[in-house]
Amino acid sequence: MFMGEYSHTIDAKGRLIIPSKFREQLGEEFVLTKGLDGCLSIYPNDEWAAFEEKLRALPLTNKNARTFSRFFVAGAASCELDKQGRILVPATLREFAGLEKDVVLTGNINRIEIWSKEKWNENSNYDDMDAIAESMEEMGIVI
């Protein structure tokens, strides 16, 4: 399980250090793709394969299903860590997520999210957690 929050920087060439706690769980190869809310997501190969199977099951006749699948797959890139524990984030994905210098990597159970620091600050406002927690009951989550 991926968890935790780490602040790092991305260099001018688009290289980003992956925290050592995450590297241990990622394996040698993994998938980097667009995520929801303007972040990027890193999936270990086994998690990506499970997600891919769900995408394969979507009906091609459904426009939303095609768009959803295209969103995640078209920009996806297979990644490997270099000797310094870095990945090269493709320019198209850096642009999508607004990654320029300061980034935040967060563990989110089965994936890692990569955020620009600015977007992370906008999206990590937990002032309405009570209302969100109440709405989770509809999905079967009660704490």
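This section describes the salt bridges and a charged surface patch of a predicted model.

Five salt bridges were counted in the structure. One of them links R56 to E52, with the closest N and O atoms 2.7 Å apart. Both residues lie in helix 2, which spans residues 45-56. R56 and E52 are four residues apart there, so about one helical turn separates them. The two partners sit in unlike surroundings: R56 is exposed, at 59% relative accessibility, whereas E52 is partly exposed, at 28%.

A second pairing joins the side chains of D82 and R86, at 2.8 Å from N to O. D82 is partly exposed, with a relative accessible area of 28%. R86 has a relative accessible area of 19%. The limit for burial is under 20%, so R86 counts as buried.

R111 and E113 also form a salt bridge. Their closest N and O atoms are 3.1 Å apart. E113 is buried, at 10% relative accessibility. Shared partners extend the pairing in another part of the chain: salt bridges join E52, E53 and R56 into one network.

Negative charge also gathers on the surface. A patch there is formed by D127, D128, D130, E134, E137 and E138. Within this patch, D128 is placed in the loop between helix 5 (117-123) and helix 6 (129-136). D128 has 42% relative accessibility and therefore counts as partly exposed. Patch residues need over 30% relative accessible area, so D128 meets that cut-off.

Conventions: Residues numbered from 1 in each chain as written. Predicted model: local features only at pLDDT ≥ 70, side-chain atom pairs only at ≥ 80, totals over all residues. Heavy atoms only, no water. Patch = residues over 30% accessible without salt bridge, like charges linked within 9 Å, V, L, I, M, F, W, Y side chains within 5 Å. Areas by Shrake-Rupley, 256 points an atom, 1.4 Å probe, with all protein chains shown as cover. Salt bridge = Lys/Arg side-chain N within 4 Å of Asp/Glu carboxyl O. Lys, Arg positive; Asp, Glu negative; His and termini not counted. Charge placed at Lys NZ, Arg CZ, Asp CG, Glu CD. Helix = DSSP H or I, 4+ residues; strand = E, 2+ residues; numbered from the N terminus. Buried < 20%, exposed > 50% of the residue type's maximum accessible area, 1.4 Å probe, protein only.
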